[in-house]
Amino acid sequence: MPFDSGLNDMNETFTFTETDLNIQDDERDILKAKGVLPAKNLFGPSRRRSVAPVLVIHGGAGTITREHAPPSKQEEYRKGLRNALIAGYDVLKGGGEAIDAAVAAVASLEDCPLFNAAKGAVFNVAGKNELECSLMVTRPPSSHPEIPESRRGMALMLITHLRNPSKAARALYLNPKLAPHAALSGATAESIAEGLGEELVDSSYYFTEERWRQHRRGLGLPDKPASSTDNPDMVDDSELDYLPKGTVGAVCLDRQGCIAAVTSTGGKTNKLVGRIGDTPTFGCGYWAEEWLTEGWLRRVWRRLRGKGDLQAVGVSGTGDGDYFLRLASASTVAARMKLNNESVRVAASRVVQDLKLHGGEGGLIALDGQGNVAMPLNTSGMYRGVIREDGIPKVAIFSDEELE
């Protein structure tokens, strides 16, 4: 069948048989192509190659408005985002891998009481903290060749004593003999993590006055401080988000082309005891995947634009997790890219639009193998930021502002 390419100012008409269009094996495709297209347009790295590293983060999405907090409070959040970006960048600039940079960024957010994860986690209906975390990679890090290709993630849930769930998720992921499963919960996860050197804390470590007030206010109780705590980390009453249900997350692309997505949360304010959200559920609140471009014509088109056959994406979501669960939002971004040939920006935006159509509020961050970033949201704000090879952190909060 004839096909007029019209690409890169080339006027040749190429002929492909039906067999050519259906072949999926790269080597056979390349052999057939050698006499059809100039080598300079087809060949070059077609699979994995060095790329410029990128790190993108979020700190939750929801009803975030300027009216609820003075500029000084907004700057606190921006500083927290910048600190997380720099923590991840410090790993990348030394040639570090995506999994380590993403964990460094998320751990920084977990340590900041402003965000709904670890130190700043919200309370459930019983006034307790139950944390969730997840990690996923497009392929195992090159520094750990012993990890099987099929092992791509680790999820933790019902955590009550880990100082940094993100660091624990990394530790368990890198030790398949001790943690052979894809997901673990509660005391078992914490015990294994402690044996691997991760720090356990008393549950009072997670307490902040602001989250406690949100908990009581949501239950219709008097808005008063907790009567007893060893760690009354006072935070002023001005809030950028009311009854938060967001998360923190990072998606990172390293020089080897590997993408890692890490997500951590305290869940929804006043959730039922034992509730499991989208954050530790594969394909819902997070996802990372790579795949070979299918279809001869698509491969030719990508190579003519200087791209390889390998595509990849990492996603971390934030918002009302029950809707992310129902719609498998994170993996749907990848599915749209693979099946509809959509860009990461188009795929991510349509997924967030679908959330809104079904009644879900939130946003997500997504990063593809070329370093393209998407940060769509359907709420008034989402704490977000990106840092690239130049080392300049750029952040934003509200839906109507650009990264700066």
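Let's start with two helices, α5 and α6, which are roughly antiparallel to each other. Keep in mind that this is a predicted model. How do we describe such a pair? Two packed helices are described by the angle between their axes and the distance between the axes. Here, the axes of α5, residues 98-110, and α6, residues 165-173, come within 8 Å and cross at roughly 150°. Angles over 145 degrees count as roughly antiparallel, and that is why α5 and α6 get this label.

Which residues of α5 and α6 make the contact? On the α5 side you can find Ile-99, Asp-100, Val-103, Val-106, Ala-107 and Glu-110. From α6 come Pro-165, Ser-166, Lys-167, Arg-170 and Tyr-173. Sorted by class, this contact of α5 with α6 has 6 nonpolar, 1 polar and 4 charged residues.

Now let's turn to the sheets. Strands of a sheet pair through backbone hydrogen bonds, either parallel or antiparallel. One open sheet has 8 strands with mixed pairing, and its order is β6-β5-β4-β8-β7-β3-β13-β14. Which strands are at the edges? They are β6, at 183-185, and β14, at 394-398, and each of them pairs on one side only. On average, neighbouring strands in this sheet are turned by 10° against each other, direction ignored.

Let's look at the β14 end of that sheet. Strand β13, residues 381-387, pairs with β14 in the antiparallel sense over 4 bridges. If you'd like one pair to look for, Gly-381 has Phe-398 in β14 as its bridge partner. Lying across β3, β7, β13 and β14 is helix α4, residues 71-93, which runs at about 145° to β14.

There is also an open sheet of 4 strands, in the order β9-β10-β11-β12, and its pairing is antiparallel. Its edges are β9 (286-292) and β12 (373-374); each has a single partner strand, so one side of each is left without a neighbour in the sheet. Further in, β10 and strand β11, residues 362-368, pair over 7 bridges in the antiparallel sense. There, Ser-316 stands opposite Ile-365 in β11. This sheet has a helix across it as well: α11, residues 329-340, lies across β9, β10 and β11, at about 20° to β9.

Last stop, the largest pocket. How much space lies in it? About 320 Å³. Its lining has 18 residues, and those nearest the centre are Arg-302, Lys-307, Gln-311, Glu-342 and Ser-343. We meet β10 again here, since α9 (296-304), β10 (310-319) and α12 (344-357) each supply at least two residues of the lining. By class, the lining of the largest pocket has 5 nonpolar, 6 polar and 7 charged residues. Thanks for listening!

Note on methods:
Residues numbered from 1 in each chain as written. Predicted model: local features only at pLDDT ≥ 70, side-chain atom pairs only at ≥ 80, totals over all residues. Heavy atoms only, no water. Axes fitted to C-alpha atoms, helices over the stretch in contact; angles between N-to-C directions. Parallel < 35°, antiparallel > 145°, perpendicular 65-115°, else oblique. Contact = heavy atoms within 4.5 Å. Nonpolar A, V, L, I, M, F, W, Y, C, P; charged D, E, K, R; others polar. Pairing = 2+ DSSP bridges. 1 Å grid on protein atoms, 1.4 Å probe; cavity = no way out; pocket = protein on both sides within 12 Å on 5 of 7 lines; lining within 4 Å. Points joined across faces, edges and corners; volume = space filled by probe spheres on them.
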